[in-house]
Amino acid sequence: MNVRPAKAGDLVNIQACNMQNLPENYSMRFWLYCALTWPQVSFVAEDHKGRIIGYVLSSIEGGGADDVPLYGHVNSLSVLRPHRRRGLAKRLMELSYEAMRTVYSAVYVELHVRVSNAGAIALYTKALGFSTVKVDKKYYGDGENAYIMRRKLKSSKRDR
Ligand SMILES: CC(C)(COP(=O)(O)OP(=O)(O)OC[C@H]1O[C@@H](n2cnc3c(N)ncnc32)[C@H](O)[C@@H]1OP(=O)(O)O)[C@@H](O)C(=O)NCCC(=O)NCCS
């Protein structure tokens with residue numbers, strides 16, 4: 001298994017992986033926009049034949065006139081079922097937010113997760129140190145609430 005930065009040429013396979021794993025699907029235009037605008041913060045995992053088995057697709061937000069600092073946003077994360085519980089999602093997330101911190105000086109990383117998605121919530125809280133900052137009511141198309149979760153990105157290894 002290999003984990004590497006995502007390229008525009010991966011997007012069709014990333015989208016296929018997304019459609020197998022999640023009800024939240026994005027247009028190819030959105031995938032392309034993220035991959036071209038912030039190419040350093042999205043990653044894929046591939047198997048020994050080069051097939052995509054997981055991805056994280058992230059963007060950089062904030063930094064506008066409203067005093068919100070630059071921060072990273074994880075738009076979508078998934079790993080194909082046969083390859084789960086091998087540390088792939090954790091690795092993809094860590095690479096993404098390390099790039100957010102070093103390339104963009106992002107202050108924190110944020111994401112939305114369904115309140116019923118116990119597996120992902122365990123990944124974010126237990127394995128990656130995220131905390132819930134807010135509940136976004138009816139965030140999802142089917143009316144389910146989302147937790148907004150955040151993890152601070154510290155500036156040096158020493159103060160982690
Ligand atoms: C959530 C998801 C991305 C996790 O991927 P993964 O590669 O299996 O996760 P990892 O192997 O990196 O897990 C690391 C740790 O997170 C926790 N964790 C991950 N999945 C878990 C689950 N289903 N139940 C409980 N804990 C879980 C565990 O602590 C795990 O460590 P362990 O296996 O040593 O116990 C994957 O299950 C998935 O693609 N789900 C469908 C899509 C989805 O829900 N995406 C997130 C949307 S917000």
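A pocket here is an open set of grid points, taken over the protein atoms alone, with protein on both sides within 12 Å along at least five of seven lines.

**View 1. The largest pocket of this predicted model.** Start with the space itself: the largest pocket holds about 980 Å³. Its lining takes in 36 residues, and if you want to find the centre, look for Leu77, Asn117, Ala120, Leu123 and Tyr124, which lie nearest to it.

**View 2. What the walls of the largest pocket are made of.** Four elements each put at least two residues into the lining: the strands β4 (71–79) and β5 (108–114), plus the helices α3 (88–104) and α4 (118–127). By residue type, the lining splits into 17 nonpolar, eleven polar and eight charged.

**View 3. The ligand in its place, the largest pocket.** Now add the ligand, which sits in that pocket. Its shell counts 21 residues, with Leu77, Val79, Arg85, Gly87 and Asn117 the closest. Leu77 and Asn117 are also among the residues nearest the pocket centre. β4, α3, β5 and α4 turn up again, each giving at least two residues to the shell, and α4 gives the most, with six. Sorted by type, the shell has eleven nonpolar residues, six polar and four charged.

**View 4. Backbone contacts to ligand oxygen atoms, at Arg86, Gly87 and Lys90.** Zoom in on the backbone here. At Gly87, a backbone N or O atom lies 2.7 Å from an oxygen atom of the ligand. For Lys90, a polar backbone atom is 2.9 Å from a ligand oxygen, and for Arg86 the distance from a backbone N or O atom to a ligand oxygen is 3.2 Å. As for cover, the ligand taken alone exposes 900 Å², and the protein buries 74% of that.

How values were computed: Residues numbered from 1 in each chain as written. Predicted model: local features only at pLDDT ≥ 70, side-chain atom pairs only at ≥ 80, totals over all residues. Heavy atoms only, no water. 1 Å grid on protein atoms, 1.4 Å probe; cavity = no way out; pocket = protein on both sides within 12 Å on 5 of 7 lines; lining within 4 Å. Points joined across faces, edges and corners; volume = space filled by probe spheres on them. Nonpolar A, V, L, I, M, F, W, Y, C, P; charged D, E, K, R; others polar. Near = heavy atom within 4 Å. Polar contact = N/O pair within 3.5 Å; in protein donor to acceptor, adjacent residues only side chain to side chain. Areas by Shrake-Rupley, 256 points an atom, 1.4 Å probe, with all protein chains shown as cover. Sits in = over half its atoms within 2 Å of the grid points.
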